[in-house]
Every structure is written in C-alpha cells, then in structure tokens.
Amino acid sequence: LEKKKTELYQELGLQARDLRFQHLMSITTRNNRIIIRMEFLKAVITPEFLLILDYRNLNLEHWLFSELTAQLAGEGQLVTYSLPFEFRAIEAILQYRISKLQGRLNTLQPQILETLEALVDPKLLSVDRSKLHILLQNGKSLSELETDLKVFKETILEILDEEELIEELCLSKWTDPQIFEESSSGIDHAEEMELLLENYYRQAEDLANEARELRVLIDDSESIIFINLDSHRNVMMRLNLQLTMGTFSLSLFGLIGVAFGMNLESSLEEDPRIFWLVTGIMFLGSGLIWRRLLSFLGRHLEPALPPHVPPVLKKSQPAAGRVELKSSLKAETFGLSRSTLTNH
C-alpha cells in the first residue's frame, strides 16, 4: 500500500519524529508500537501487523514473499511461532539482519584467505600490488562488518540491560492481558523476549569473534610479508656489500698497475716477466683481501652459537625430567600437596 507519511503516523498514533529513523540501528517503542531500524530496513510492529517501509527501494521482495510470510504465519522454523505476533515479527527481522551479516562474512572470508595465501608465499621476491589492493578493499569491508556487528550488539545490549524496555516490547501485555500469561514451559513472556534477544546477541558475538580472528590473521600475515621483504632486502644488501668489498680489493691492488703505468722509466719494464708477475700479484692480493673481508663479514652477521652444555648435565637432564613427571603424576593422582611432593 502507498500512504503519505502524515496519514501513516496519525493512523499509528505516532509522532512525526518517530518515523524519521535517525539511527542506523535502533529498536524503540512508542505508544504500544515497536519501531525498528536495521540499517536500510525500516519497520513498524504492532500487535496485529508488521509494516515494512520503502521495501521496493531495498530489493526486499524475495525475503518478504518467500520467507517473511511463512515466518509470521508460524509456518517457518522460528522458535516463537507459539508466541504473540510481535515475537515472530521481531525474530524474523533479527534473523534477516544476522543472515545478512553472516552472508557478508562468508563472502569476505574466502577472498581474504586466498589473497593472504598468495601474499605470504616466501618464494616471492616482491609483493603483487593488485593483491595488496584487493586485500585493502577486503580489509575495509571487514572493518565495516565489524562496525555493524558492534552496533548490533550494543543495540541489543541496551535493551537487555533495562527490564522495562524488555517488557515494553511485549505489546500483547497492554492490548490483551490474557495473552500475557506464563507459557506452557513456565517462562514469562518478558523472560522469553529476553531469551530471544540474548540468542541473537550471542549469534552476533560469534560472528564478531570470527571477524576478529580474520582481522588478527590479516595483521599476522602483514607481519610475515614484512619479514619476507626484509629478508630479501637483507640478501640484496649483503650481496651489494660483497660486491663493494670485491671492488675495493681490486682497486687497492690496482694501484700497482697504476704505478707501473706512469710515464716514468725504470729497469723493470724491460724484463718481459715483470708484466705477468705484477698482474698475478694484483689478482692474488685482491682475492686474498676479498676473502678476508668476507670472513670478517660472516663472523659479524652469523648468529651466535648456543652455550656449550657439559656432558654430565646433558645426561642428568632427562632423568630429572622423568622424576619430575612421575612425581607430578603422583601428586595429581593421590592429591599430595606441593610441599609433600618437594620433601619426598
């Protein structure tokens, strides 16, 4: 049906501000009416019917006609089918919201895991920027999901902390007091409303834990990526340092060739064997200096060796470990105190 907003809130006995839906997530009661805002879903619940506002703009036709109708009629799998109408309406909307959040998490999780698996490969010398862009987008979507779950939990928790708010959600208490009696299980309707909200709060908490674990996995993977990049960077820096040492060694003994290349006369240039002798000294000296520098570099870059353990201690440690294990098992079996175990 189509109706003007002024006619609608007058018919429902509400104020104009009640239908503004100022918050992204809210569950409030006004004049024996429940006003719900679940992000884009806006609804008004009365003891007799449920109004979904602007459903065509939200593409809710499939949910309205395939699931919601059966749930409100008590033909679905909701646990509140034997309770008054407002219970079924609230649970149907909460279940719809949780299913949407669950669907978003199920869509993000495989994408993030696949991207992280491709980025954490230690064989890669560089990081694919396209994968990083995908991970950045998925990270933003995950942050939005965590925010939505947090708002959902806070909204439910605000109602659970106030007993009066829980009773106000039981609309049948004020319209038909006979319906508001103890159920067949001996639980009051207000308690059943509290159990209903706690159930969906727990589901939202489980989704938040899964999203939090996914966030921790992203942070750990980023650390691994940085470690791999630092490792490859260190290899390149070490190679550059080795080449620099080689160039320094060759330049150092190249001074001999420079000295003989000067336009100065001496008796050595007349001997044909001096060229090969000087060349050999240059290359041999450069090689020795380079090896000496590399050994010096290796001593300062390699990790220190573990401390030496005497053979006597090595043999006595397993026996001590076995005695301690047996003693602890005896203590757990017979209930001995720590002092008794130590004295024994």
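Modeller: Two strands count as paired when DSSP finds at least two bridges between them. Keep in mind that this is a predicted model.

Biologist: Which residue in β4 does V44 stand opposite?

Modeller: Strand β3 covers residues 41-45. Its link to β4 consists of 4 bridges, and the two run antiparallel. Across from V44, in β4, stands L51.

Biologist: In what order do the 4 strands form the open sheet?

Modeller: The pairing is antiparallel. β1 (25-30) and β4 (50-53) each pair on one side only, as the edge strands. The twist from one strand to the next averages 15°. The order is β1-β2-β3-β4.

Biologist: Which helix packs on the sheet, and what angle does its direction make with that of β1?

Modeller: The helix spans residues 129-160 and touches β1 and β2 (33-38). That is helix α4, and its direction makes with that of β1 an angle of about 25°.

Biologist: Which helix gives the most to the largest nonpolar core?

Modeller: This core holds 54 residues. I27, M38, L50, I93, L94, F152 and M193 touch the most other members. Beyond its neighbours within four places in sequence, I27 contacts residues including M38, L94, I156 and L169. The top contributor, with 15 residues, is helix α3 (residues 85-119).

Biologist: How far apart are the end C-alpha atoms over residues 190-224?

Modeller: An unreviewed UniProt entry annotates this stretch as "coiled-coil region". In the model, the stretch is 100% helix and 0% strand. Its end C-alpha atoms are separated by 51 Å.

How values were computed: Residues are numbered from 1 along each chain as its sequence is written. This is a predicted model: local features need pLDDT of at least 70, side-chain atom pairs count only at pLDDT 80 or more; totals for chains, interfaces and linings use all residues. Side-chain values use heavy atoms; hydrogens and water are left out. UniProt positions are given in the numbering used here, feature names are shortened, and annotations may be inferred rather than shown by experiment. A nonpolar core is a set of buried Ala, Val, Leu, Ile, Met, Phe, Trp, Tyr and Cys residues joined through side-chain atoms within 4.5 Å. Buried means under 20% relative accessible area, exposed over 50%, partly exposed in between (1.4 Å probe, protein chains only). Contact means heavy atoms within 4.5 Å. Axes are lines fitted to C-alpha atoms, for helices over the stretch in contact, and angles run from 0 to 180 degrees between N-to-C directions.
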